Amino acid sequence: MTAQPLPGLDLDQLRAHLDAERPGLLTGPLTGELVQGGRSNLTYLVSDGQQRWVVRRPPLGHVLATAHDMGREFRVMSALAGTDVPVPRTHLLCEDDSVLGAPFYVMEYVPGTVYRTPALTEQLSQQQRVELSWQLVDVLADLHSIDPESVGLGDFGRPQGFLERQVHRWSKQLAASRSRDIDGIDELATRLAEHVPTTPRAGIVHGDYRLDNVIVGDDQQIKAVLDWEMATVGDPLTDLGLLAVYWEGFSGIESNPIAKGIGPEYGFPTARELLDRYAERSGTDLSELDWYLAFGFFKIAVILEGIHYRFIHDQTVGEGFDHVGALVAPLVAQGLATLKED
């Protein structure tokens, strides 16, 4: 790790702020490295030579605060501390832009593995793949079982009309990313809007729950759930539908840079088995899950279309974006096929 200032992270400024706000936390000069960058929040690993912490801040440049809300991530992880949902311990939230140029927070460093590639998941035995899959579902069910009021998150979202707002939000995002005709995507949006189910109960929603958003320890136990930037209180089944789409919805799609190394083709249980496990664990009725699956396909398709839009306008950094646009149409087709005809 380097002791020099990193893009978006001035180590001297950070040290001064931590010394003022958390006296005694640091025992030496700070070093750091960028461990995650790009379109999402920036993540840094910092150390004083004795301990390590993680710093999270929004991407560089102009971003929408609502899309990279440091306070949201910090609040939900702080609220979940001590529950059955494993989260890193939070240390400090700074909303003063004068320190690092943007809001940021500091949390505990949790050692472990994030399984996001076939090269990593192939290191797991067949039994480990199955057991990790059950853990992933059980942690999600535990999250959804928590009463938001009981952990101080009663005002964290607006459950009433949540699904309608979600369809509208992602339809609006699609309109902002228009660069080509995509067969069926408007029909999918319309059918979702016309057949919104009744939310059975409100719960804490992660918003992007999947295997590569958890840290797994050497003992193969999930040690922390990460990336809470889209968390809210709403319909928990949106998490379940999205998890199933990530799990199996990309199967057979060539040049897939999104959900890699998971699903039955890699020796993991099927999405159906994950859903059955969730239903048994939570006692939730999944009779209307087709809508949530279709919404999951729509949401991911819109996100990828936005990435494709930025790619063709030379607004992406790095490689692999040239394949993203080809994923959108197959996802839309699956979303339409998932919705039952009237």
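Which residues of helix α7 (residues 185-194) are buried? They are Ile185, Leu188, Ala189, Arg191 and Leu192, where buried means under 20% relative accessible area with a 1.4 Å probe, protein chains only, and a helix is a DSSP run of H or I of at least four residues, numbered from the N terminus. This is a predicted model, in which local features need pLDDT of at least 70 and side-chain atom pairs count only at pLDDT 80 or more, while totals for chains, interfaces and linings use all residues. Residues are numbered from 1 along each chain as its sequence is written, and side-chain values use heavy atoms, with hydrogens and water left out.

**Helix α7**
- Seen down the axis of α7, the buried residues fall within an arc of 165° (taken from the directions from the helix axis to the C-beta atoms), so they line one face of the helix.
- These buried residues pack against α6 (162-176), α10 (289-312) and α11 (325-338).

**Nonpolar cores**
- The largest nonpolar core (buried Ala, Val, Leu, Ile, Met, Phe, Trp, Tyr and Cys residues joined through side-chain atoms within 4.5 Å) has 82 residues, and those with the most contacts inside it are Trp228 and Phe298.
- The helix that gives the most to this core is α10, with 13 residues.
- A second, separate core of 19 residues includes Leu26, Tyr44, Trp53 and Val106.
- Leaving aside neighbours within four places in sequence, Phe298 is in contact (heavy atoms within 4.5 Å) with residues including Ile185, Leu188, Ala189 and Leu192.

Key: Buried < 20%, exposed > 50% of the residue type's maximum accessible area, 1.4 Å probe, protein only. Helix = DSSP H or I, 4+ residues; strand = E, 2+ residues; numbered from the N terminus.
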